[in-house]
Amino acid sequence: MVGKKILLVEDDEIIRMVLDNFFRKAGWKTYLAGNGLEGLELVSSKDDIEVIITDIMMPLMDGKTMSGKIREIPHYNTTPILAITAGNMAKEMEGDFYPFDVIFEKPIQLKHLHSSILSFLSNKN
């Protein structure tokens, strides 16, 4: 699936760079944001984002708040939102994933993340 468009919202520049490089090598376009507020602004200005990957704990606006606001936008209310976070946060949220479709613990297994995205995209079509 070449040409897919992903919004990547992550405040850690190294993680953002690693994920951006990974998806670009797969032939996907990435929109990058350093916090939830920037991510929400990008969603508001684009209509072609197919998957959203977000950290949960970020400055200015966290990933859960941002994702909840995105779910209120009709064009994006069914867009897959995948969260990445530290293991302790994932355990705290166990059973309460909304507004996320899935939560990945850091360190991220890129192949697992990639296959999950492909699964979400194939189920959407």
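Let's start with Asn35: this residue is buried, with a relative accessible area of 7%, well under the 20% cut-off that counts as buried. Please keep in mind that the model is a predicted one.

**Around Asn35**

You will find Asn35 in the loop between strand 2 and helix 2. What does Asn35 touch, leaving aside its neighbours within four places in sequence? Its contacts are Val9, Met58, Pro59, Leu60 and Met61. The side chain of Asn35 also has a polar atom 2.9 Å from the backbone nitrogen of Leu37.

Two other side chains reach a backbone nitrogen in a comparable list of items, at the start of helix 1 and at the start of helix 3:

| Side-chain oxygen | Backbone nitrogen | Place | Distance |
|---|---|---|---|
| Asp12 | Ile14 | start of helix 1 | within 2.9 Å |
| Asp62 | Lys64 | start of helix 3 | within 3.0 Å |

**The sheet**

Next comes the sheet, which is open and has 5 strands in the order 2-1-3-4-5, with parallel pairing. Its edges are strand 2 (29–33) and strand 5 (102–105), each of which pairs on one side only. From one strand to the next, the twist averages 20°. Strand 1 (residues 5–9) runs parallel to strand 3 (residues 51–55), and 4 bridges join them. If you look at Leu8, you will see that its bridge partner in strand 3 is Ile53.

**Helix 1**

Helix 1 (residues 13–25) packs on this sheet and touches strand 1, strand 2, strand 3 and strand 4 (81–85). The direction of helix 1 makes about 165° with that of strand 2. With 13 residues, helix 1 reaches 18 Å from its first C-alpha to its last, close to the 18 Å expected at 1.5 Å a residue.

Which residues of helix 1 are buried? They are Arg16, Leu19, Asp20 and Phe23. Seen down the helix axis, these buried residues fall within an arc of 105°, so they line one face of helix 1. In general, an α-helix has 3.6 residues a turn, so residues three or four places apart point the same way. The face of helix 1 turned away from the buried side carries the exposed residues Ile14 and Lys25. After helix 1 comes Gly27, with a positive phi near 90°.

**Helix 3**

In helix 3 (residues 63–71), the buried residues are Gly63, Met66, Ser67, Gly68, Ile70 and Arg71. These buried residues pack against strand 1, helix 2 (36–45), strand 3 and strand 4.

Note on methods. Residues numbered from 1 in each chain as written. Predicted model: local features only at pLDDT ≥ 70, side-chain atom pairs only at ≥ 80, totals over all residues. Heavy atoms only, no water. Pairing = 2+ DSSP bridges. Axes fitted to C-alpha atoms, helices over the stretch in contact; angles between N-to-C directions. Contact = heavy atoms within 4.5 Å. Buried < 20%, exposed > 50% of the residue type's maximum accessible area, 1.4 Å probe, protein only. Polar contact = N/O pair within 3.5 Å; in protein donor to acceptor, adjacent residues only side chain to side chain. Expected span 1.5 Å × (residues − 1). Arc of directions from axis to C-beta.
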